[in-house]
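Trainee: I have a structure to go through and no idea where to start. Can we look at it together?
Mentor: Yes, put it up and ask as you go.

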Amino acid sequence: MVETIPPRSGAGFRLPKGAELTVIDPQGCQVSDLLAFNADDLREVISSGRTLDYASRLYLTTGDPLYSNRSNVMLSILEDTVGRHDFLLTPCSKDTFRIIYGDTDPHRGCFGNLAAALQPYGVEPDMIPTAFNCFMNVPIDGATGTFTVEPPLSKAGDFIRFRAEMDLVIGLTACSALQSNGGSFKPIQYRIDAGPAA
Ligand SMILES: [Zn+2]
């Protein structure tokens, strides 16, 4: 069954080991922040630093594993129709909108949405790491290290599919930052499949 995350909101759910999670961009040009926690010990979390270190590459796609802070593989990317995602930038937040956009009454952003969606599972805001930002397009100048946030390359119906390599608690958003999403807020969809029997 396909679930829909409305614009500027988030969801939390369990993803058992072996199950497959497909994150779908139904309209195109929309980012989705993904977090993963070990369901049996929430102190083990998805780690941008370890994953990028082991990949020796900033852009991850089909075949790449996503590691935890304890260097265990949490998720594997099985299929990816876009090939451009970000794993450098933290979830957008009240402070993102205050500091970058100058908003005086800022939206709580992906950070606030993730904190609310994961609170029932025992995740506290300070436990939230850098998310794997599905479809987020952050080109980097190799000489200077300068980067910009550009509209996603995803078209309507594009998706990325992961397999859980341990029992996980997942947080997932439809991102709330104008810059990340080409100037408009759209929904995100996801689907959970049992995966092939072990
Ligand atoms: Zn966001």
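Trainee: What do the buried residues of H3 pack against?
Mentor: This is a predicted model, so keep that in mind throughout. In it, the buried residues of H3 pack against strand S2 (10-15), S4, helix H2 (94-99) and strand S10 (168-173).

Trainee: How many of the residues of H3 are buried?
Mentor: Nine of its 10 residues are, so H3 is mostly covered. Among them are Phe-111, Asn-113 and Leu-114.

Trainee: And which residues have the most contacts inside the largest nonpolar core?
Mentor: Those are Val-23, Leu-34, Leu-35, Ala-36, Leu-114, Leu-168 and Ile-170, in a core of 45 residues. Helix H3, residues 109-118, supplies the largest share of this core, with six residues. In soluble globular proteins, nonpolar side chains tend to be buried together.

Trainee: Take Leu-34 then. What is Leu-34 in contact with?
Mentor: Leaving out neighbours within four places in sequence, Leu-34 is in contact with Val-23, Ala-131, Phe-132, Cys-134, Ile-170 and Leu-172. Val-23 and Ile-170 also appear in the list of residues with the most contacts inside the core.

Trainee: Let's zoom out. How many helices and strands does the protein have?
Mentor: Three helices and 11 strands. From the N terminus on, the order is β-β-β-β-β-α-β-β-α-α-β-β-β-β.

Trainee: What is the strand order in the open sheet of six?
Mentor: The order is S1-S11-S3-S9-S7-S6, with antiparallel pairing. Strand S1 (2-5) and strand S6 (65-67) each have a single partner strand, so they stand at the edges with one side lacking a neighbour in the sheet. On average, neighbouring strands are turned by 25 degrees against each other, direction ignored.

Trainee: How many bridges join S7 to S9?
Mentor: Five, between residues 73-80 and residues 158-164. For instance, Ser-76 has Arg-163 as its bridge partner in S9.

Trainee: Staying with S7, is Met-74 buried or exposed?
Mentor: Met-74, which lies in strand S7, is buried, because 26 other C-beta atoms lie within 10 Å and the cut-off is 20 or more. Beyond its neighbours within four places in sequence, Met-74 has contacts that include Ala-36, Ile-46, Leu-66 and Leu-168. Its C-alpha is 9.4 Å from that of Glu-44, and the two are 30 residues apart in sequence.

Trainee: Now a loop. Where is Gln-30 found?
Mentor: Gln-30 sits in the loop between strand S3 (20-25) and strand S4 (32-38).

Trainee: And why does Gln-30 count as buried?
Mentor: Because Gln-30 has 29 C-beta neighbours inside 10 Å. Not counting residues up to four places away in sequence, Gln-30 touches Asp-25, Phe-135, Pro-152, Ala-174, Cys-175, Asn-181, Lys-186 and Ile-188.

Trainee: How much of the protein counts as buried overall?
Mentor: 40% of the 198 residues. Of the contacts with a separation of 6 or more, 76% are between residues 24 or more positions apart.

Trainee: What radius of gyration does the protein have?
Mentor: 16 Å, which agrees with the value near 16 Å for a compact globule of 198 residues. The C-alpha atoms fill a box of roughly 50 × 40 × 30 Å along the principal axes.

Trainee: Last one. Which feature does UniProt place at residues 3-169?
Mentor: The unreviewed UniProt entry gives "domain: DUF1989" there. In the model, that span is 14% helix and 30% strand, and its end C-alpha atoms lie 16 Å apart.

Conventions:
Residues are numbered from 1 along each chain as its sequence is written. This is a predicted model: local features need pLDDT of at least 70, side-chain atom pairs count only at pLDDT 80 or more; totals for chains, interfaces and linings use all residues. Helices (H or I, at least four residues) and strands (E, at least two) are DSSP runs, numbered from the N terminus. A residue is buried if 20 or more other C-beta atoms lie within 10 Å of its own, exposed if 12 or fewer, and partly exposed in between; C-beta atoms are placed from the backbone. Two residues are in contact if their C-beta atoms, placed from the backbone, lie within 7 Å. A nonpolar core is a set of buried Ala, Val, Leu, Ile, Met, Phe, Trp, Tyr and Cys residues joined through C-beta atoms within 7 Å. Two strands pair if DSSP finds at least two bridges between them. Axes are lines fitted to C-alpha atoms, for helices over the stretch in contact, and angles run from 0 to 180 degrees between N-to-C directions. UniProt positions are given in the numbering used here, feature names are shortened, and annotations may be inferred rather than shown by experiment. The radius of gyration is taken over C-alpha atoms; the globule rule is 2.2 Å times the number of residues to the power 0.38.
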